[in-house]
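User: Please take a close look at one part of this model: any closed-off empty space inside the chain, together with the elements around it. Describe how those elements are joined and what stands out in the turns between them.

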Amino acid sequence: MANTDFEGYAQEFSSAVRAALGPAAPIPALDRFVAAGAALTQAASAAPDDAAWNAALAEFEAAKSALKGTLRTYLLAGLPQVPALAELASAVDWSSVDGLSGSFELGPFKLGLASSSLVVLPKHGGGLSLPTVQVGPLRPVAVHASLAMPGVGKGLGGGALVRLENGFGGTMSLPLGPVVANASAALTRLLPDGAPSVFAILGLTFRPPIQLSFGFSLDRVGGIAGINRQADTDALATAVRTGAAGNVLFAESPSASPVSLLADVSQLFPDQIGLHVVGPTVRLSWLSLDVGSLMSLDVGVVVEFPSVKFVIVGVARIGIPGLPGLLNLRLDVLGQIDPAQSLVSIDASLVDSHALGVFKVYGDGALRLSWGSPAYVVLSVGGFYPGFNPEPARLPALRRVGMSLDLPVGPMSMRAQGYFAVTTNTIQLGALVEASISCGLSAHGFLQVDALVQFRPFFFTASCAAGFDVRAGGFSFGGVRLDGTVSGPGPLTVRGRLTIETFLFDISWDETFSFGSASKDVLQAPATLLDLMKNELDEPRNLQAESMQDPAVVLNPRPRSGEQDASMAVVPPSGALRFVQRRAPLGLLIDRVDGMPLAERKGVVMAVPGSAVMDRFSPGSYCTLTQAEALNRPPFDLLTAGIVLSPQPEDVVPPACEDKRTIHTIVIRVPQQNTVEWLKKNTARFDLQTATALVGASLRPPALSDDSALVTALPETWTTVGAGAGAAFNNATAAFQAAKHSAGPSVALAKTDSERPVKLEGVLA
């Protein structure tokens, strides 16, 4: 509140009393107090007028006196109803300078409060000071607690209860001999209906730890519980990267302020009516000593219901007991099992990790396993091959796993980092090592390697770069750099570029070498692309039944008694046949396949009814791209890999079959009499289970009557402008290939851009 905001205090007082007393609140007296506060604020801000000021001040004091009986209600609003607390509040009046302050005992607990009184030194609008005004006592914003043990002179342990925006929250720590109890809790009321929202974190730490076997010990057990709360996996994933999730749930580095701690809890587990969370937490250690343990693991399993979503949060630590500067590794992990999305995800991050006292260790990892449509597996430690897009998996940007000098060691700096990734069809790995030294002149050297291996069709590419340069005053004094690329198979192609940098100019050499012929994994002399695709149609692994949800059909694989049975796909009558191959993309003009050039540029299109199946291909493996095209186009694109063949309605003619079954229809009519009387006479026919289900359904929150999507995202389509204009393509690679090899000048662009051309009238003279 401002120095002259008497109205603000009056409004706060009025709101607290109305909320505590409800309909019994003295409405006229409260309205008078608010109006008197507004008048006093206006009089203090206006030009000097002693008569107006004194009249407004007198009215403000009279309005306060009329509310003397509700002063205790204002001070205790939201606090528990305790006789000792009410006695403390009864001793406070409008002129009390200390406000509501003191301590009292509540069983074994000793509670203390600290408050103050609002004193204002107002000034007239012209800057002339007015006499000091003691407005009134303020409510306590915190309640401190400690445990008073018999025979102990002072409190044992302690905690605090703080006032939140719409409720209360607090923390408590109590040492109980060999066990230390910790608790954090928040109680709020949700608007607009005032439903309660509760979240609590409980923990018991054993001192000393409970020894299990083989050097393992149980250090801590606990749990979390929340009513009308949900687990925000996006916020948890972000908190895992910063270490905040472990600090909140496992008290790794808890905030000293209860308000900050409860704010973090509300961010990770926000309010949500109808959802609840519960789960245990545990800490295990290995080789525990008095000064710490060599390894420890905190794990918490959170279940969100009724959505049935599982979230696993963990913190793993490795360190040398007694020597924290020698090695300190902390890995925060978040796992999620979401049956609704058919997805298992794991995110991991190194947090506050150091080695040898001078190196900072960092990095991220992620795993995505989907058994839905489409199904995929993606594992990455430190990221992916440069330019690789792991879609349809959705992963955050991952830091490379590495270490760097955290403390200045003279003029020297060093860094080493790398990555390793596995997808459904690729393996990727790479590393970077660099060092620099500066003392007047600065020298910098590095070595970088990136490699990618594709399984089907088999393809690999690896790039290497190394260099060393010397700079003075921001200018390059001299250096050398080598860039190379190796790709294959058949033939093995090596491209290299050597650059020598001087103070005045650079000298470069480029060369490309090819070794050998096609490997055994590729065709030595492909006849035509059409023949290759025909062979793919005969491959049993490329044909399978499309997933369908038909509770009346259960697929029973037929026994493979012969080669003919092994080459067939079992498709239910209500299903569809799915053909997917990875030999070459469909609907795209390509120059080579299996690493060997085709006799002429060709493309294959599936000209049968059905829906296309998309998969990721590397356009550079099939199309001849210039250096500019290779740099500006993505290394992988979503291209057509197959088709789902579904029968047309006119093709499905069910066989005619005479139904010779006899059906008897029995109609039971309720007698035309009073319903209550009928129920009394027919209690045996009353279905209690159905009635209970109806009552339970009426108590559940309302559901959407229309769950259709409000916004639909469609894949981007492409077209060509110029020669062959008007053709439609479902990916950028096919559009660029068609424009590049058209009979006349042609340009590929997104279809939405072609429909809204930019007019340049008047732009060019």
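Analyst: Helices (H or I, at least four residues) and strands (E, at least two) are DSSP runs, numbered from the N terminus. The model is predicted, so local features need pLDDT of at least 70 and side-chain atom pairs count only at pLDDT 80 or more, while totals for chains, interfaces and linings use all residues. Residues are numbered from 1 along each chain as its sequence is written, and side-chain values use heavy atoms, with hydrogens and water left out.

First, the setting. The protein chain contains 15 helices and 36 strands. Of its 765 residues, 35% count as buried, where buried means under 20% relative accessible area, exposed over 50%, and partly exposed in between (1.4 Å probe, protein chains only). About 44300 Å² of the chain is exposed, and carbon and sulfur atoms supply 62% of that area; the areas come from the Shrake-Rupley method with a 1.4 Å probe. Among contacts in the chain with a separation of 6 or more, 53% are between residues 24 or more positions apart, a contact being heavy atoms within 4.5 Å.

Now the empty space. A cavity is a set of points, on a 1 Å grid over the protein atoms alone, where a 1.4 Å probe fits but cannot get out; its lining residues have an atom within 4 Å of a point. Grid points are joined across faces, edges and corners, and the volume is the space filled by probe spheres set on the points. Under this rule there is one cavity of 30 Å³ or more. The largest cavity has a volume of about 40 Å³. Its lining is made up of Ile-224, Leu-249, Phe-250, Gly-279, Pro-280, Thr-281, Gly-300, Val-301, Val-302 and Val-313. Helix α7 (244-250), strand β11 and strand β12 (292-305) each supply at least two of these residues. By type, the lining has seven nonpolar residues, three polar and no charged. Here Ala, Val, Leu, Ile, Met, Phe, Trp, Tyr, Cys and Pro count as nonpolar, Asp, Glu, Lys and Arg as charged, and the others, Gly among them, as polar.

Strand β11 (residues 271-289) leads to the next part of the picture, since 12 bridges join it to β10 in the antiparallel sense. Two strands pair if DSSP finds at least two bridges between them. One of the bridges links Leu-218 with its partner Leu-284 in β11. On the evidence of another 10 bridges, β10 (residues 216-229) also pairs with β9 (residues 195-211), again antiparallel. In that pairing Gln-211 stands opposite Ser-217 of β10.

The hairpin of β9 and β10 has four residues between the strands. Leu-212 lies in this loop. Apart from its neighbours within four places in sequence, Leu-212 contacts Ser-217, Leu-218 and Leu-284. Leu-284 is 72 residues away from Leu-212 in sequence, yet their C-alpha atoms are 9.6 Å apart in space. The loop between β9 and β10 also holds Phe-214, whose phi is near 55 degrees, a positive value in a residue other than glycine. Phe-214 is exposed because its relative accessible area is 77%.

Most residues other than glycine have a negative phi, and most peptide bonds are trans. Strand β9 includes Pro-208, and a cis peptide bond with omega of about 0 degrees joins Arg-207 to Pro-208.

The stretch after β12 shows both features as well. A cis peptide bond joins Phe-305 and Pro-306, with omega of about 10 degrees. Pro-306 belongs to the loop between β12 and β13 (309-319). Val-308 is found in that loop between β12 and β13 too, and its phi is likewise positive, near 55 degrees, in a residue other than glycine. Val-308 counts as partly exposed because its relative accessible area is 41%.

In short, the lining of the largest cavity draws at least two residues from each of α7, β11 and β12, and β11 pairs with β10 through 12 bridges. The loop between β9 and β10 holds Phe-214, and the loop between β12 and β13 holds Val-308.

Terms used. 1 Å grid on protein atoms, 1.4 Å probe; cavity = no way out; pocket = protein on both sides within 12 Å on 5 of 7 lines; lining within 4 Å.
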